[in-house]
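With the model open in your viewer, please follow this tour one selection at a time, starting from a single pair of side chains and moving outwards to the chain as a whole.

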Amino acid sequence: MSTSRKNDQYANIAMISSDKNKENLVVPTPPKIEKKHLPLGNSTETITLPPKIDNQDLLMAKVKKLRTHFQTFLEKKSPRLSSNRTKIILKTFDWRIETIEDQQNFQGVLSGAGDWDNVQIPHYGEPLGKATTYYRTKFTAPKIADNQALFIHFNGVDYVANVYINGYFVGNHEGFFAPFEFDISPYIHEGENTLLVQVKNDFVHKRNELVIGGEMFGGDKIYAATGPGYDDPDLGWHHCPPGMGIYQSAYLEIRARTFIDDIFVRPLVDTHSAEVNVLVYNCDVSYEEVAFNLSVYGENFEKVVFENFFFYPTTATEIGLGDTFNQAMLEATGERDKPQKLYAEQGKNFFKIPITLNDPLLWDIETPYLYEVQIQLINKEGKVLDTLAQTFGMRKFEMDEETTPKGKLYLNNKEIRLRGANTMGFEQRAVMNQDFDQLIEDILISKACHMNFWRITQRPVQEEVYQYCDHLGLMTQCDLPLFGVLRKNKFAEAVKQAEEMEQLVRKHPCNILCTYINEPFPNAQNLPQRHLTRSELNRFFEAADHIIKLNNPDRVIKAVDGDYDPPSKALPDNHCYTAWYNGHGLAMGHLAEGFWFPIKKDWAYGCGEFGCEALDNIKTMYHHYPKSWLPNHPDESWHPSLIKASQSPNFHYQFFETPKTLSQWVEASQEYQRFATKWMTEAFRRKTDMVSFALHILIDHYPAGWMKAVMDVDRQAKPAFFAYLDALTPTMVSIKPSRLTFTEGETASEEVWICNDLPQTFQDCQLHYQILHNGKSIQQGKDSVTIAASQANYVGNITFDTTGLTGTVTLLCVLLDK
């Protein structure tokens, strides 16, 4: 009857360890503190706990307030820029899976022979593994002038796309997340034209299955373990299987034959300036003399920075060492000290334009001010060939790799500690469904939970996600889609995709960090004949660093998220599932005490994933689940092995007793997730050197998709969501749990810490504390405390005699500012 995995691949991954290179690592230990006993009996004041958000209604009320605050940052205030382009959206296609007959008669596919299904773009799903599908549509070609070109543009096709126009092959692209396009002007004719896109899928590098629990195979697809999923309870809901399809928008566009292909504004906050990088594409074999007319405005606030700044691209003349011949020639002709014109030649041309922004408004998580640069591309006759606008934020993000401990993070020159959650598809589903109000709400739910960033897990996503994070002040981490391994034959392709990732996210001030691989396996997954070993993978990191820094010199890079084979470049990061995969990394008690995984000496560190599973809310189950998964009534006997891919049947034994009914399973699993989330998060907060962590995961993208989520697909928060919200309070009191039980007559002593994520010191605060026995106050006290900026502060121990005490003892602490 059970449909759960007998050998859960993600649990197996969590059991990986490597002793290699451990001699170069050190184990972070609890900080040395001078014990202090907080005074008792010096206060009789009544302690009133501050109100906390602990239910769905209060959460949504907070989200509503945040929506009001951030509404102004969503409103476009910059003037409209006229465009010379004409866009034709391609929405409806005929689709089918390739047959043996198609392989023998490709002309039949091109002509549309056979049976096809009608689908709408975006379209994503099966087949998995090594498979081919076809998308076919017809369009009427618009009239194109001699100085124009017609491009076909795809924002994302998973995974390999081969594009044909009227039977002519016009180009291909590998990789699911990056936009690509082709000039199809030579291949179109008047009247009806045919577009065919052949889409190829494959197995992923670390292997995947075709059915849950089935045999796993490896292939050449660069894909990790997260995606949009698809509506299929047997497989598509669960753990983001590597489907395929044209899953982002596609369109035709008429442009000038010399046009602006891309704009990236590199902010230089410290000098109140910026570098506008403009990519100009020339379709022809020619030398086009071009100039640029720039205007900069506030995008979401009223501001004219400057208008009609004309830039004529030139360069100084430099002469090679010892090149006396050219030096003499240039001096004789008077060209030695003259600026040289720069032309837009065939293909891509990269121009840099320096600009000044006096006293700029900085992009920040509370005030995400955005600017917009508007550019006209002008030919030598003064005619406007093309126009394009690009938003940008004036913000600076850096990792300090000089000061010990290395790896501290700074936003606009102020220390910041990244507190967030992993996303695994819900944000992508919102874009695919064009439900941008839901995307806004999801971002605001995160901010209501005191999160300041999303780890957009193991893949770049649609640009709309980054655009809304820009406007709402939520930072993001972007991951290259590698999990565990990289195929030897895909080294160069992975470097290309690293560049495509950076080109996608570099425009967005929200994106502050990039990584290359999730959880690299020791010894190439013990398949060195297929994958890069760690030394070879380090060479890939170097190559990816070079290509990314070429595109964005300021990018902060953390090579690895969740390193099972350390050390890696830059900030050490481990994944910690000690509260679920029993024995993973370190014991829960050691974690609470202050220990951590072995890391590089003199470095801070991060935790890219932690968490445990809790079953969905009962209402969500009965609303979405197949009937075969559920009893007729929630109080009937039931077992979660009926839920495809649930981990609870195999992993709950270490943490809570086996329930009997559906209601009991939901209650027990959600209560344990609440406890584990609070335990681990507060342990992280008490570690001053843990500068980044992300809960796994925030919101489920489908019912029962990945039930480590603390909010289900219907946006109903589980108790763990509120525990996480409370534990992320920027300046909070944390009682370190040395023990949970005492024998009557012992002396109990618990450490009290104040964890301050804010880059400011608080003087003369009052800490009030109270000891309750079975709900009745028996002792209380207060003490004056100073709270240092951006660190965990030990303030003392609450120590008391348990003689005569039986039952439950509760410690209450309240922190008041001066």
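## A first pair to select

Select D386 and R85, which form a salt bridge whose closest N and O atoms are 2.6 Å apart. D386 belongs to strand β22, residues 384–392, while R85 sits in the loop between α2 (56–74) and β2 (86–90), so this pair ties together parts that are 301 residues apart in sequence. Both D386 and R85 are buried. Please keep in mind throughout that this is a predicted model. As background to the selection, side chains of opposite charge can pair when their charged atoms come close.

## A pair that is partly exposed

Move next to K341 and E289, where the salt bridge brings the closest N and O atoms to 3.1 Å from each other. K341 lies in strand β19 (residues 340–341), and E289 is in the loop between β15 (273–282) and β16 (290–298), so the two side chains tie together parts that are 52 residues apart in sequence. K341, at 48% relative accessibility, counts as partly exposed, and E289 is likewise partly exposed, with a relative accessible area of 28%.

## A loop joined to a helix

Now select R555 together with E502, a salt bridge with its closest N and O atoms 2.8 Å apart. Here the loop between α11 (534–551) and β31 (560–561) supplies R555, and helix α9 (residues 491–505) supplies E502, so the pair ties together parts that are 53 residues apart in sequence. Are these two residues buried or exposed? R555 has a relative accessible area of 4% and is buried, and E502, at 0% relative accessibility, counts as buried too.

## A network, and one lysine within it

Select R455, D479, K558, D561, D573 and E609, which are linked in a network of salt bridges. Then centre the view on K558, which is found in the loop between α11 and β31 and which, at 1% relative accessibility, counts as buried. To see what surrounds K558, leave aside residues up to four places away in sequence and display those that K558 touches: Q477, L513, C514, T515, Y516, A570, L571 and D573. One of these contacts, D573, is also a member of the salt-bridge network. For a sense of distance, add L591, which is 33 residues from K558 in sequence and 23 Å from it in space, C-alpha to C-alpha.

## Stepping back to the whole chain

Zoom out and colour by secondary structure, which comes to 16 helices and 41 strands in the protein chain. The radius of gyration is 29 Å, close to the 28 Å that the globule rule gives for 818 residues, so the chain is as compact as a globular protein of that length. Its C-alpha trace spans about 100 × 65 × 55 Å along the principal axes.

Colouring by accessibility should bring out the buried residues, which make up 58% of the 818 residues. When a surface is switched on, the chain exposes about 34,000 Å², of which carbon and sulfur atoms supply 49%. Among contacts between residues at least 6 apart in sequence, 75% join residues at least 24 apart.

As a last selection, show the charged side chains: the 81 positive and 104 negative charges have mean positions that are 2 Å apart. With these displayed, you can look for further salt bridges, whose count comes to 46.

Key: Residues are numbered from 1 along each chain as its sequence is written. This is a predicted model: local features need pLDDT of at least 70, side-chain atom pairs count only at pLDDT 80 or more; totals for chains, interfaces and linings use all residues. Side-chain values use heavy atoms; hydrogens and water are left out. Helices (H or I, at least four residues) and strands (E, at least two) are DSSP runs, numbered from the N terminus. The radius of gyration is taken over C-alpha atoms; the globule rule is 2.2 Å times the number of residues to the power 0.38. Buried means under 20% relative accessible area, exposed over 50%, partly exposed in between (1.4 Å probe, protein chains only). Contact means heavy atoms within 4.5 Å. Accessible areas come from the Shrake-Rupley method with a 1.4 Å probe; for residues, only the protein chains shown count as cover. Lys and Arg count as positive and Asp and Glu as negative; His and the chain ends are not counted. The place of a charge is taken as NZ of Lys, CZ of Arg, CG of Asp or CD of Glu. A salt bridge is a side-chain nitrogen of Lys or Arg within 4 Å of a carboxyl oxygen of Asp or Glu.
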